[in-house]
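Subject: Handover of a structure

Dear colleague,

Please find below the sequence and structure that I am handing over to you. A summary of what was found follows.

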Amino acid sequence: MEDVKIGVYICHCGLNIADTVDVEEVSKYAATLPAVAVSRNYKFMCSDPGQSMIKEDIKELGLNRVVVASCSPLMHEPTFRHAIQEAGVNPYLFEMANIREHCSWITEDHKEATEKAKALVSAAVRRVYYHQPLEIREVPVNPNTLIIGGGIAGIQAALEIADSEHKVYLVERDPSIGGHMIQFDKTFPTLDCSACILTPKMSSVGMHPYIELMTYSEVEEISGFVGSFKAKIRKKARYVDEDKCNGCGVCITKCPWKAASEFDMGLGERKAIYTPFAQAVPNIPVIDTEHCAYFLKGKCRACEKFCELGAIDFEQVDQIVEIEVGNIIVATGYDSLDPTPITQYGYGKFDNVYTGLEFERICNAVGPTSGKIVLRDGSEPKSVAILHCVGSRDENYHEYCSRVCCMYALKYSHLIKERTDAEVYQMYIDMRCFGKGYEEFYKRLSEEGVNFIRGKAAEVTDRAINEDEEGKLIVCGEDTLLCKIIRVPVDMVILATALEPRADAAEVGKLLTISRSADGFFLERHPKLDPVATMTDGVFIAGCCQGPKDIPDTVAQASAAAARVLALISKGKVELEAATAVIDEGKCSGCRICNLLCPYSAISYIEDEKVSRINEALCKGCGVCVAACPSGAITHKQFTTEEITAEIEGVLV
Amino acid sequence: MDVLSPYKEATDVILEAGGEPIKSCYQCGLCTGICPWNLVRSFLVRRIMHEAQLGATDFGSEDVWTCVTCRACVQRCPRGVEIIDVMRAMRRAVASLGIGVVPDALRISAKNIAGVGNPLGEAPEKRDDWAKDFKVKSFASGTEILYFPCCVPSYDPDVKTVARSTATIFNKLKIDYGLIGTEAKCCGESIRKAGYEDTFQSLAQNNISLFTNNGVRTVVVSSPHCYHTFKNEYPELGGKFEVIHITQYLASLIEKGKLKLSKEINKKVIYSDPCYLGRHNDVYDEPRKVLQSIPGLELIEFPDAREDGLCCGGGGGRIWMDTPKGERFSDIRVEQAVAKGADIIAVACPYCFLNYRDSVLSMGKAETMQVKDIAELVAEAI
């Protein structure tokens, strides 16, 4: 081994480490360890002066190995590797000892912490001695991008990337893009018509030369890694030829078969051949085989008869499309909580109890009631109650706050006041009006005469106790500001139901190897400083799939994710993990155990040589194969037996 | 000028007595909205939490003793606040620190329990007298089941029929069971809820030693209150036994085909879920299964049943307190039962038995409405 000179740097991390660990003592101890040329301690190693300290020592003292005892490598391993690289030392001749998350942050005992810190530093010093320089490989970044989900988040991200003249594949599982936003009537606080602001963007997506739009499609398989992903997409059969159809809609008019409209939340109907709404992009209908008489009984075929362009194709089959992209943005959105299990609110039991999304459709001009706010029997309500926090801020359902409900409750109040003479009552716990123009909107609604009752509704009942309550739905609860039980008889109840993760979020997470936080939404890399990246390089998240949020925040995240992707595309290359595994083919017996174990499918069996070989570009250095190989033929470049035993020695000595 | 300033010393008293849950309360008011007391008068559960948070609790108020610990509030609380523990903490502060006044009737029952081991103040030697003509043996090590009837069926002249019916059933089926004897004391569940923690600890130790020394493994109980404390509170004090409520036991015997009910009871029977079987311990189905196995019996439900069931008013130690007419939950239930056309109110708890009996009598419905424990009905149908 060439003359090894190790520099050891103990970080105080302000008081995070220094308050518990005696950094002076550890630093002095480190100076006594074998091959240590210099040992220092400093307040913030990751700062500029901290890094300069290392670079200076490398220059002056000819250091060829560096140990930094500070925080988790997840925080600053790249920082220090970069620093020593700048000073001319291979970034892999570096080791970090975590004396913060693994030491000072888990005990208040100073003596214990200092002893452990010493042991960790000793281990790191002995291990780094055996590190070898590794070559960092770069792979090109495929400039195409896959965006999963065609709601406002997906649409925004797609347009941002496509406008920079890079190709985007936008995959949406519904027959049209638009997501939940296209279901809304007006948006708070501006009361912009949702469709009016969204359809131009949808149109742009449909016409964009750089966007390949695949609707009624789902991603089935993803393989690869940042810069080169391969995806298999299933384009479900529409039974309508996209190249021939011109969206005239005659087939829809002539179809005699009906079904409940998903777009109208079951409140309205659509045909068996349908587009979900009039401004659908693409404006190409889809046949619902579960309600189409041809698919069920072999009859009808009216759509085929009347289509002048012969675009109906009952023989169509699902198509599998394979694409290659460099980055993926997940923008799969949210589901609305089903309040049926919350029996005390009577959803599903009483006719006139609605969820938020159902009420949106009622308000919408092209909804099931043509925008008239009416009860199930068609009459106008004289009073409406809006119940906040249904399934949100509630340990029994979702602990989190759904963020948008206070605002849309105000919006509904406005629409009800505008279109009817009804009294509006809001049963709230807090009024969360945090955004730009939101508090002003709240003031406006107060001035419009909306009644605010502070108290979480305990029950919605039809059991009247006096004449005034007969035939009404009575919302019961405590008015906490008046300290009295209140019974509010109303005609209509709107439940501000929680936003929850999509029902298949777990499967989608597995598909993309991204995790979810405890609340079930996709996990961001850092809640404050990295909200659109995930722990998987090259996979980004945007919009409500990361957590409930309003449209402005969704758009901001979508643009952020797009910017991240464009940065990678612009750089054009990605550095691969150099600390990978390698098979000694002389020792390999060809048993192939490693092939099946590799989570990244990086190992293949070479038939004519009867050995397995690792694809360095795919290998992430997880070490599973190293541990599993019965012949001991696989070594990990930074976890050799020498290195590991030295590390263990360091802890024990 | 009536100005409030936070008085942390009072808050600390409640916190130390077990009132930590007040910290999680975010004052939504759901508890008040759902509390059955607000059907008959004003009882602001939420305000009591906030008063405790700021040390403004009025320890002399009757509100300290109002809660029946039915769990309707805890069940729905969005912050998971253990409101019953807070009520208990306030009462503990009064009972042990003497800050306020314990209601008379409760004080007497507490004295009885502490003195002679049962709330009625009866002689301990007479605890098993109900079984005189019933050939019930004493529990000994190796006996399969300990039958623990609860102080009320043991001593109350009317409610003795519950214990007797149970013994009848067990004897007919030749179940291997016994009574633990007159050293047994009250299970202590209710007196603990009333704030008498030391009394409870001493009762529990007495019973745990008694059961353990006699090799008790399985206890079958008639009262959901005994069920609750034996199952959930005795284990951390060293008493780990298998605890089964009589309705669960009967249901399992029916399922195994060991209990066959052949005599008809052609009545409309409405079942009242006891709070301590239902909301406290999730037992809703077994009692119904047993009733539905009785030939000719038509089981009907209260408008609020199962998780939404209305408390009879007996929990939290209130069984020993006076509730003025017009504020009795059991009166409301009797009205509901009459409206549903029921002939019999079926109960599975001695406190429900007492309350419904009293309500039926005081409302003049005794001619048309009967109150029967499930064990009684099964004994009639065997």
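**Charges and overall build of chain A**

Chain A carries 69 positive and 94 negative side chains, and the centres of these two sets are 2 Å apart. Please note that this is a predicted model. Chain A has 653 residues, of which 53% are buried. Its secondary structure comprises 18 helices and 34 strands. The C-alpha trace of chain A spans about 90 × 70 × 40 Å along its principal axes. The area that chain A exposes comes to about 29200 Å², with carbon and sulfur atoms supplying 51% of it. If one takes the contacts in chain A between residues at least 6 apart in sequence, 69% of them join residues at least 24 apart.

**The contact between the chains**

How many residues does each chain bring to the contact? Chain A supplies 19 residues and chain B supplies 22 residues. Together the two chains bury about 1600 Å², and 48% of that lies on carbon and sulfur atoms. There are 2 salt bridges between chain B and chain A. In a salt bridge with an N to O distance of 2.6 Å, the side chain of D304(B) meets that of R463(A).

**Salt bridges within the chains**

Side chains of opposite charge can pair when their charged atoms come close. Over all chains, the structure holds 63 salt bridges. Several of them are described here.

The pair E77(A) and R81(A) lies within helix α3 of chain A, which covers residues 73–86. These two residues are 4 apart, about one turn of the helix, and the closest N and O atoms of their salt bridge are 3.7 Å apart. E77(A) is partly exposed, with a relative accessible area of 23%, whereas R81(A) is buried at 14%. The cut-off explains this: R81(A) counts as buried because its value is under 20% relative accessible area.

A second salt bridge joins R270(A) to E262(A), with 2.9 Å between the closest N and O atoms. Here R270(A) is buried, at a relative accessible area of 9%, while E262(A) is partly exposed, at 47%.

The third pair is D264(A) and R361(A), whose side chains meet in a salt bridge of 2.8 Å, N to O. D264(A) belongs to the loop between β13 (258–260) and β14 (269–271) of chain A, and R361(A) to helix α11 (residues 356–363), so the pair ties together parts that are 97 residues apart in sequence. Both partners are buried: D264(A) has a relative accessible area of 8%, and R361(A) has one of 0%.

In chain B, salt bridges that share partners link D85(B), R88(B), R192(B), E197(B) and E233(B) into one network.

**Backbone features**

Which peptide bonds are cis? One runs from F188(A) to P189(A), with omega near -10 degrees. P189(A) sits in the loop between β8 (186–187) and β9 (192–193) of chain A. Another joins V281(A) and P282(A), where omega is about 0 degrees. P282(A) is located in the loop between β15 (273–274) and β16 (286–287) of chain A.

Two residues of chain B that are not glycine have a positive phi. For Q27(B), phi is near 65 degrees. Q27(B) lies in the loop between α1 and α2 (30–34) of chain B and is buried, with a relative accessible area of 11%. For T69(B), phi is about 55 degrees. T69(B) is found in the loop between α3 (45–54) and α4 (72–76) of chain B, and it is buried as well, with a relative accessible area of 1%.

**The segment before α1 of chain B**

Is Y7(B), which lies in the segment before α1 (8–19) of chain B, buried or partly exposed? Y7(B) counts as partly exposed, at 48% relative accessibility. When neighbours within four places in sequence are left aside, Y7(B) is in contact with L54(B) and G55(B). Y7(B) and A52(B) are 45 residues apart in sequence, and their C-alpha atoms are 9.5 Å apart in space.

Yours sincerely

How values were computed:
Residues numbered from 1 in each chain as written. Chains lettered and ligands numbered in written order. Predicted model: local features only at pLDDT ≥ 70, side-chain atom pairs only at ≥ 80, totals over all residues. Heavy atoms only, no water. Buried < 20%, exposed > 50% of the residue type's maximum accessible area, 1.4 Å probe, protein only. Contact = heavy atoms within 4.5 Å. Areas by Shrake-Rupley, 256 points an atom, 1.4 Å probe, with all protein chains shown as cover. Lys, Arg positive; Asp, Glu negative; His and termini not counted. Charge placed at Lys NZ, Arg CZ, Asp CG, Glu CD. Buried area = accessible area lost by both parts, 1.4 Å probe. Salt bridge = Lys/Arg side-chain N within 4 Å of Asp/Glu carboxyl O.
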